[in-house]
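Subject: The structure we talked about

Hi there,

Here is the structure I promised to pass on. Please have a look at it first, and then read on for what turned up in it.

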Amino acid sequence: MPSSFPSTAMASSSSSTSENPRISDHLALATAPISGRVAVTACAAMAFVYVAILYSPTLILRLPPPDSLESFMIRRFACAVVSSAVSVISCLFLLGLGRLDDFPTILGVLGIRRDHLWQAAVFPILLTSLIYAGSFVSKSWKLVSRWKDEGRENSFCSVGIYGRRCKDWVCAYARNVMAWRNYVVAPITEELVFRACMIPLLLCGGFGTYSIVFLSPIFFSLAHLNHFLELYYQQKYSFMKAFLIVGLQLGYTVIFGWYTSFLFIRTGSLISPIVAHIFCNVMGLPVLSSPRTKGTATIAAAAGLVGFLYLLFPATNPDMYNQLRDGCRCWHRYCGWS
């Protein structure tokens, strides 16, 4: 921890332990600090392993190439799970938590908690949805236009048709391996490694809260550089085209990483960045303008962005996600953000 953190935290916890024993549990995890160099090195190693292990089945284990997209992605799912487990074990070892018997408290350091679940899931989604106000207007406009084109002579029949289409869409996505990648495996494993493991290490490494929010996503963006190699060497894209695609992706992942790191530190819960990650993967890039909406999508996007910035701190107020509020400075520093 930073030098000012353990002393103030432990001093304030002594008077409040009887009221809320979880305070002493969390603050007991304020073990001896690690150096900033060790923290950064560990984070870089986790990012490297998360990507490198994806290629281990063919390059190291010498397994035959997969015969289908499904088998290829299942291999990658297994690799992501293994790399996530390695990162969690390494993080707990570096923080000195390997021999603690209170397993829920250890998980709490990683933001894995059972309390305030619905707040951690609902409020971040509502906040994130404001960024997609233009997208909602554009999609709604398309649905209304399609409904008009198909006619309204039999509204009940139309509702039934749309209901069956929705059911078929859900069933198709449940069987789609890429849907599992985008909406389950990638959000959970990436947030576990790049937020739950790296941020506690950087906190113990003495880095400031704002420094962590703005600098830690660099590891997240660098972990996507392998996409350039896949586009350039495997899919035979030109160097410039692959560079522009990956460059845009890196810029987006940095901005997204700022937001999810902010959510994790503000709420102290891993659920918040995971649900935000899933929601953004479902929606894609925000729609800023659409010719069909005659400027309505642009106005909605601007209003949504203003609302997002205005509600960013109130909607992530630590009081809504935690009960450790009696003067202590808590593990993820959320008490210091109010």
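A word on helix names before we start: helices are DSSP runs of H or I with at least four residues, numbered from the N terminus. Please also keep in mind that this is a predicted model.

**Three single residues and their distant partners**

With that naming in hand, K241 can be placed in helix α14. The relative accessible area of K241 is 45%, so K241 counts as partly exposed. Ten residues away along the chain is L231, and the C-alpha atoms of K241 and L231 are separated by 8.9 Å.

A45 sits in helix α3, which covers residues 36–52. A45 is partly exposed too, at a relative accessible area of 38%. The C-alpha atoms of A45 and F219 are 9.5 Å apart, although their positions lie 174 residues apart along the chain.

F313 belongs to the segment after α16 (296–311). With 36% relative accessibility, F313 counts as partly exposed. Its C-alpha atom is 9.8 Å from that of L263, a residue 50 positions away along the chain.

**A nonpolar patch on the surface**

F313 comes up again here, as one of the residues in a nonpolar surface patch of about 870 Å². The other members of this patch are Y210, F214, L215, I218, L222, L225, I255 and W258. Three helices each give two or more residues to the patch: α11 (209–215), α12 (217–222) and α14 (239–267). Which of them gives the largest share? That is α11, with three residues.

If you would like one residue to look at in the patch, try L222, which lies in helix α12. L222 is partly exposed, with a relative accessible area of 46%. Why can L222 belong to a patch at all? Patch residues need over 30% relative accessible area, and L222 has 46%.

**How the helices pack**

Let me go through three helix pairs. The axes of α14 and α15 come within 8 Å and cross at roughly 150 degrees. An angle over 145 degrees counts as roughly antiparallel, so that is the label for α14 and α15. In this pair, α14 passes α15 in a right-handed crossing.

Helix α15 (residues 271–283) also meets helix α7 (residues 117–129), with axes that come within 8 Å and cross at roughly 40 degrees. That angle makes α7 oblique to α15. The crossing of α7 past α15 is right-handed.

The third pair is α10 and α14, which pack at an angle of about 60 degrees with their axes 11 Å apart. α10 and α14 are therefore oblique to each other. Their crossing is right-handed.

**Salt bridges**

Side chains of opposite charge can pair when their charged atoms come close. How many salt bridges are there in this model? The count comes to two.

One of them joins the side chains of D115 and R113, at 2.6 Å from N to O. Are the two partners buried or exposed? R113 is buried, with a relative accessible area of 10%, whereas D115 is partly exposed at 28%.

The other salt bridge is between R195 and E191, whose closest N and O atoms are 2.8 Å apart. R195 and E191 are four residues apart in helix α10 (residues 177–204), so about one helical turn separates them. Both R195 and E191 are buried.

**A backbone angle to look at**

Most residues other than glycine have a negative phi, and most peptide bonds are trans. H116 has a phi near 55 degrees, a positive value in a residue other than glycine. You will find H116 in the loop between α6 (103–109) and α7. At 16% relative accessibility, H116 counts as buried, because buried means under 20%.

If you only have a few minutes, I would suggest opening the view at the patch that includes L222 and F313, then going to the R195 and E191 salt bridge, and ending at H116 with its positive phi.

Best wishes, and happy browsing!

Key
Residues are numbered from 1 along each chain as its sequence is written. This is a predicted model: local features need pLDDT of at least 70, side-chain atom pairs count only at pLDDT 80 or more; totals for chains, interfaces and linings use all residues. Side-chain values use heavy atoms; hydrogens and water are left out. Patches are made of residues with over 30% relative accessible area and no salt bridge: like charges are joined within 9 Å, nonpolar side chains (Val, Leu, Ile, Met, Phe, Trp, Tyr) within 5 Å. Accessible areas come from the Shrake-Rupley method with a 1.4 Å probe; for residues, only the protein chains shown count as cover. A salt bridge is a side-chain nitrogen of Lys or Arg within 4 Å of a carboxyl oxygen of Asp or Glu. Buried means under 20% relative accessible area, exposed over 50%, partly exposed in between (1.4 Å probe, protein chains only). Axes are lines fitted to C-alpha atoms, for helices over the stretch in contact, and angles run from 0 to 180 degrees between N-to-C directions. Angles under 35 degrees count as roughly parallel, over 145 as roughly antiparallel, 65 to 115 as roughly perpendicular and the rest as oblique. A crossing is left-handed if the near helix is turned anticlockwise from the far one by less than a right angle, and right-handed if clockwise.
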